[in-house]
Every structure is written in structure tokens, then in C-alpha cells.
Amino acid sequence: MKRISELIISILVIGVIIYAFQVKADRDQLILTGKEILLELAPVDPLSLLQGQYMIINFALEREKIEVKEEDINSGKVWFSARIVLRYNESGVANFNRLEDDQLLAANEILFKIKARRRRENGSEYFYRIDVEQESFLFKENTEKIYETAKYGVFRVNQDGDYVLVDLADKDLKRLTVIET
């Protein structure tokens, strides 16, 4: 009996390790092959001394209001996952265009996975607010001054809308993380 439980635990541990390596490999592949876009940051919170070297980030995209369909108002649907269509310019700076629909994507459009939350304003107007799940940016200890000029989040996005935040950029679209070679 003891050998069976040891075998089960060993299989579970191996399964968790394989899963972790697969997730890491998928993210690495996304970073290498994903389309690079930039999303404008909203005001940035200061560094948290208690939690380490990172900053809380918000995106201007999260201020967008998406119209709520009449049938969704009384459905109890408060949160939902979706893909939105971002339109980007020649510099890669992207903005909200629309919710994913049956239209084909233009050459300067890309899908982006989000969560949306239903809100109410002025007592009667319902709308959905976009929530980008990337809420923080980690950086090397004692380099917080470099990131004070951050204006954009630099993302790698694949064709399915999965994304990874890879860096921050300043108003001139210059990446802020210095990579030592």
C-alpha cells in the first residue's frame, strides 16, 4: 500500500514538472514569434517597498467603455472573458477597435485576450470595462529610476490573442530595460 501511494505521488510530481516546463516553453515561443505591440500606460503607482522591486501598472485601454447588449443587462453576467481587436499604427502603438466579431482582421489589427467587467454609470447606463490581466512589471533591484518615464507596455501577442508583457517603453517608444551582453 505504501508503494502505491509513493508511486502516485511520484507521478503527480512528474506531471506538475512537465506542465511547468510546457507553460514556460509556450511563453518563450510567444516571446520569440509573437507580434510586438505597445499599449499606453495609465498613471503608474509607486514602487511597493514591502513586496519587492516591481511597479503596479494600468493601461489606458482599461478606460474604454464597451456597450452592453440589452439582453446582458438582466442576465447577471458581470464578468466575461473575450478577445478584442486592437488596431496598431506603423510604430506598433495599439488602441481598442472593437470586440471580436465575424469580420476579418485588417493587416494592422490583432486579437488580444481580456476580461471585461460590467459597470453602471449615472444610475442607468451600463457598459463593460476592459481588464488587462497583466497588473505588474518586475524589474532588477535598484533600477526603479529607469522606469519612471514609462509610457507604454511592450507586449508580444500571438494570433490567438495570448500575450506576454516583455518590457516598458518611454514616450519615444524606446525600450527601458537594458540587456547586458
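This report walks through the chain, its strands, two buried residues, a surface patch and the salt bridges.

## Overall layout

The structure is a predicted model. The protein chain has two helices and 10 strands. Read from the N terminus, its elements run α-β-β-β-α-β-β-β-β-β-β-β. The chain holds 181 residues, and 34% of them count as buried. Its accessible surface comes to about 12,300 Å². Carbon and sulfur atoms hold 53% of that surface.

Contacts across the sequence are worth a look too. Take the contacts in the protein chain with a separation of 6 or more: 59% of them are between residues 24 or more positions apart.

## The three-stranded sheet

One open sheet has three strands, in the order β1-β9-β10. The pairing is antiparallel. The edges are β1 (35–40) and β10 (163–169). Each has a single partner strand, so one side of each is left without a neighbour in the sheet. From one strand to the next, the twist averages 30 degrees.

Six bridges join β1 to β9, which covers residues 152–157. One bridge pair can be named here: Ile37 has Phe155 in β9 as its partner.

Helix α1 lies across β1, β9 and β10. The helix runs at about 55 degrees to β10.

## Strands β4, β6 and β7

Strand β6 (residues 109–121) pairs with β4 (residues 79–88). These two run antiparallel and are joined by nine bridges. Ile84 stands opposite Phe112 in β6.

Strand β6 also pairs with β7 (residues 125–131). That pairing is antiparallel as well, over seven bridges. Here Ala116 stands opposite Ile130 in β7.

## Two buried residues

Leu168 sits in strand β10. Is Leu168 buried or exposed? Leu168 is buried, because its relative accessible area is 0%. Setting aside neighbours within four places in sequence, its contacts include Leu41, Met55, Phe137, Tyr147 and Ala150. Tyr152, Gly153 and Val154 are also among the contacts of Leu168, and so are Lys174, Arg175 and Leu176. Leu168 and Gly153 are 15 residues apart in sequence, yet their C-alpha atoms are 4.6 Å apart in space.

Glu62 is found in the loop between β2 (54–56) and β3 (65–67). Glu62 counts as buried because its relative accessible area is 15%, and buried means under 20%. Which residues does Glu62 touch, not counting those up to four places away in sequence? They are Arg129, Ile130, Asp131 and Val132. Ile130 has come up before, opposite Ala116. Glu62 and Glu40 are 22 residues apart in sequence and 10.0 Å apart in space, C-alpha to C-alpha.

## A nonpolar patch on the surface

Ile9, Val13, Ile17 and Phe21 form a nonpolar patch on the surface. Together they have about 400 Å² of accessible area. Ile17 lies in helix α1, which spans residues 2–33. Ile17 counts as partly exposed because its relative accessibility is 43%.

## Salt bridges

How many salt bridges does a search of the whole structure find? The search finds 10. The table gives some of them.

| Acidic residue | Basic residue | Closest N and O atoms |
|---|---|---|
| Asp162 | Lys113 | 2.9 Å |
| Glu148 | Lys145 | 3.5 Å |
| Asp172 | Lys171 | 3.6 Å |

Asp162 and Lys113 form a salt bridge. Asp162 lies in the loop between β9 and β10, and Lys113 lies in strand β6, so the pair ties together parts that are 49 residues apart in sequence. Asp162 is partly exposed, at 27% relative accessibility. Lys113 is partly exposed too, with a relative accessible area of 34%.

In the Glu148 and Lys145 pair, both residues are exposed. Asp172 and Lys171 form another salt bridge. Asp172 is exposed, with a relative accessible area of 57%. Lys171 is exposed, with a value of 59%. There is also a network: salt bridges that share partners join Arg87, Arg98, Asp101 and Glu109.

How values were computed. Residues numbered from 1 in each chain as written. Predicted model: local features only at pLDDT ≥ 70, side-chain atom pairs only at ≥ 80, totals over all residues. Heavy atoms only, no water. Patch = residues over 30% accessible without salt bridge, like charges linked within 9 Å, V, L, I, M, F, W, Y side chains within 5 Å. Areas by Shrake-Rupley, 256 points an atom, 1.4 Å probe, with all protein chains shown as cover. Salt bridge = Lys/Arg side-chain N within 4 Å of Asp/Glu carboxyl O. Helix = DSSP H or I, 4+ residues; strand = E, 2+ residues; numbered from the N terminus. Buried < 20%, exposed > 50% of the residue type's maximum accessible area, 1.4 Å probe, protein only. Pairing = 2+ DSSP bridges. Axes fitted to C-alpha atoms, helices over the stretch in contact; angles between N-to-C directions. Contact = heavy atoms within 4.5 Å.
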